[in-house]
Amino acid sequence: MKFLLLLSLVGFCWAQYDPHTQYGRTSIVHLFEWRWVDIAKECERYLGPKGFGGVQVSPPNENVVIHNPSRPWYERYQPISYKICTRSGNENEFRDMVTRCNNVGVRIYVDAVINHMCSTGNAAGTSSTCGSYYNPNNRDFPAVPYSGWDFNDGKCNGGINNYNDANQVRNCHLLGLLDLALEKDYVRTTIADYMNNLIDIGVAGFRLDAAKHMWPGDIKAILNKLHNLNTKWFSQGSRPFIFQEVIDLGNEAIKSNEYFGNGRVTEFKFGAKLGTVIRKWNGEKMAYLKNWGEGWGMMPTDRALVFVDNHDNQRGHGAGGASILTFWDARLYKMAVGFMLAHPYGFTRVMSSYRWDRRFENGKDVNDWIGPPNNNGAIKEVTINADTTCGNGWVCEHRWRQIRNMVAFRNVVQSQPFANWWDNGSNQVAFGRGNRGFIVFNNDDWSLSARLQTGLPAGTYCDVISGDKINGSCTGIKVQVSGDGTAQFSISNSAEDPFIAIHAESKL
């Protein structure tokens with residue numbers, strides 16, 4: 001009996017690290033600022049059939065409407081209430097999306113903004129996505145309701161001036177946003193009620209926005225109030241998947257490992273360091289990636305949620321150093337995402353963006369505020385072109401062949417060991433995943449030609465970067481693996497995509 005109790009406790013403790021993706025699905029995608037109706041369609045027509053495990057959605061609760069500048073993306077991070085009512089859609093559309101996505105095996109993870117309410121810079125009124133009244137200067141949010149008792153003003157009335165003071169970071173106002181008093185049971189219960197409503201609808205978990213600005217113990221107290229996942233789609237006793245936004249590049253008071261007890265944590269070193277290597281800055285070389293992951297000072301793999309870029313740092317915010325690769329650097333970006341998806345480290349999230357008019361002044365993009373493609377504030381439909389790319393200003397990196405096929409590659413090689421590393425001492429590298437997959441990169445300024453041990457069974461394989469395997473033949477490069485597991489690889493330094501990937505299911 002004691003043993004069974006211990007097992008159930010261990011299961012409970014580990015549950016928040018499990019994304020609850022359907023078996024064989026290993027990556028999620030952030031469909032940033034998409035409408036719920038478009039996400040529902042995308043789950044059915046693309047994400048489900050292509051093996052994506054889930055979608056991180058933008059915050060679904062009522063937020064302030066900002067007109068100056070006109071409807072910026074960051075208004076979504078200024079809550080007014082916990083009504084499910086935003087420019088992505090209403091509660092009925094949200095429920096329909098969750099149901100339809102779950103029914104095709106694609107999970108929904110909500111970006112939960114629970115550290116704060118809107119900024120004091122907003123005037124009192126009803127300029128909100130559901131028309132609720134609010135008065136930030138009086139700390140009055142009747143649609144919740146929150147009042148002056150529910151904020152951290154007694155501990156800290158101003159902004160954060162010193163990121164080496166953990167008390168300031170967690171008690172003061174982040175960018176003028178009203179900091180909630182998460183040590184109060186009323187506030188914890190109110191937030192848990194919002195999250196439980198979403199869990200009961202069928203979401204699989206949450207990204208906790210600004211987790212670094214909350215005390216880990218306060219987060220834990222809220223998580224302890226959460227329901228188990230909906231048994232219509234999840235096994236009995238399943239706990240919500242939690243991943244916490246903690247920017248820790250190693251030079252501040254707050255450390256990622258303080259949050260491991262609550263769930264996974266966003267590993268911001270991953271994209272910053274990988275970008276530096278792929279760009280070949282500071283003398284970095286891909287050959288140095290042999291011990292990628294913990295060997296590079298990153299958190300344990302079973303605690304890490306990893307990504308090449310996210311909605312903040314692709315705009316230069318939030319650990320947004322110049323090294324971050326994005327869709328604007330498409331050739332290098334595809335290599336970085338390919339490396340991430342082939343490598344066993346961490347739980348992977350792919351970014352899916354929209355374009356905006358970039359305008360640089362003194363090295364800074366002054367248009368980094370621009371919201372999603374819209375008509376007078378109403379988000380535009382995500383249209384699909386004949387070649388399966390997206391229109392209407394949506395980038396849809398998750399639909400790029402190279403990225404979509406690497407999501408499939410990760411599914412095929414799941415739980416296989418890192419193997420058969422090769423490098424030329426510079427920026428030509430290769431590695432395998434057991435006997436299920438192999439990938440080769442040429443990021444040098446000269447061509448690659450080498451016979452490499454793939455670890456794969458003999459046969460003809462389709463390279464899934466240059467093409468697809470369709471009706472028993474390859475639309476791209478063919479790779480011949482010999483009986484001894486070796487294959488000849490040639491990659492020009494001027495190739496559109498200077499990498500090749502083969503796996504068990506791309507074999508003819």
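Where in the chain is proline 69 found? Let's begin there. Proline 69 sits in the loop between β3 (61-63) and β4 (79-86). It's worth stopping at, since a cis peptide bond joins asparagine 68 and proline 69, with omega at about 0°.

Before going on, a word on what you're looking at. This is a predicted model. The average pLDDT for the protein is 95, and 97% of the residues score at least 70. The start of the chain is another matter: over residues 1-12 the pLDDT stays under 50, and for that stretch the model has one contact beyond four places in sequence.

Okay, back to the backbone. Most peptide bonds are trans, and most residues other than glycine have a negative phi. Besides the bond at proline 69, a cis peptide bond joins valine 144 and proline 145, and there omega is about -5°. Proline 145 is in the loop between β7 (116-119) and α4 (166-171). Then there's alanine 210, which has a positive phi of about 55° although it is not a glycine. You'll find alanine 210 in the loop between β9 (205-208) and α6 (216-223).

Now the domains, as the record has them. UniProt, in an unreviewed entry, places "domain: Glycosyl hydrolase family 13 catalytic" at residues 26-410. That span is 23% helix and 16% strand, and its end C-alpha atoms lie 7 Å apart. UniProt also lists "domain: Alpha-amylase C-terminal", again from an unreviewed entry, at residues 419-507. Over residues 419-507 the chain is 0% helix and 52% strand, with the end C-alpha atoms 19 Å apart.

On to the helices, and how they pack. Take helix α2 (residues 36-47) and helix α3 (residues 91-103): their axes are 8 Å apart, and the angle is about 10°. So α2 and α3 are roughly parallel to each other. From α2, the contact is made by Trp36, Val37, Ile39, Ala40, Lys41, Cys43 and Glu44; from α3, by Glu93, Phe94, Met97, Arg100 and Cys101. By class, that contact has eight nonpolar, no polar and four charged residues.

Further along we get to helix α8 (residues 330-342), which packs with helix α7 (residues 268-278) at an angle of about 125°, the axes being 10 Å apart. That angle makes α7 oblique to α8. The crossing of α7 past α8 is right-handed. Who meets whom? On the α7 side we have Phe270, Leu274 and Ile278, and on the α8 side Leu332, Met335, Ala336, Phe339 and Met340. Sorted by class, the contact of α7 with α8 comes out at eight nonpolar, no polar and no charged residues.

α8 has another partner to show you: helix α9 (residues 401-413). The axes of α8 and α9 come within 9 Å and cross at roughly 10°, so α8 and α9 are roughly parallel to each other. Here α8 brings Tyr333, Lys334, Val337, Gly338, Met340, Leu341 and Ala342, while α9 brings Gln402, Ile403, Met406, Val407, Phe409 and Arg410. The contact of α8 with α9 has nine nonpolar, two polar and two charged residues. And if you have α8 up on your screen, look at Met340: Met340 takes part in the contact with α7, and Met340 takes part in the contact with α9 too.

To recap: α8 is oblique to α7 and roughly parallel to α9, and there are cis peptide bonds at proline 69 and proline 145. That's my tour, thanks for listening.

Note on methods
Residues are numbered from 1 along each chain as its sequence is written. This is a predicted model: local features need pLDDT of at least 70, side-chain atom pairs count only at pLDDT 80 or more; totals for chains, interfaces and linings use all residues. Side-chain values use heavy atoms; hydrogens and water are left out. pLDDT is the predictor's confidence in each residue, from 0 to 100. Contact means heavy atoms within 4.5 Å. Axes are lines fitted to C-alpha atoms, for helices over the stretch in contact, and angles run from 0 to 180 degrees between N-to-C directions. Helices (H or I, at least four residues) and strands (E, at least two) are DSSP runs, numbered from the N terminus. Angles under 35 degrees count as roughly parallel, over 145 as roughly antiparallel, 65 to 115 as roughly perpendicular and the rest as oblique. A crossing is left-handed if the near helix is turned anticlockwise from the far one by less than a right angle, and right-handed if clockwise. Ala, Val, Leu, Ile, Met, Phe, Trp, Tyr, Cys and Pro count as nonpolar, Asp, Glu, Lys and Arg as charged, and the others, Gly among them, as polar. UniProt positions are given in the numbering used here, feature names are shortened, and annotations may be inferred rather than shown by experiment.
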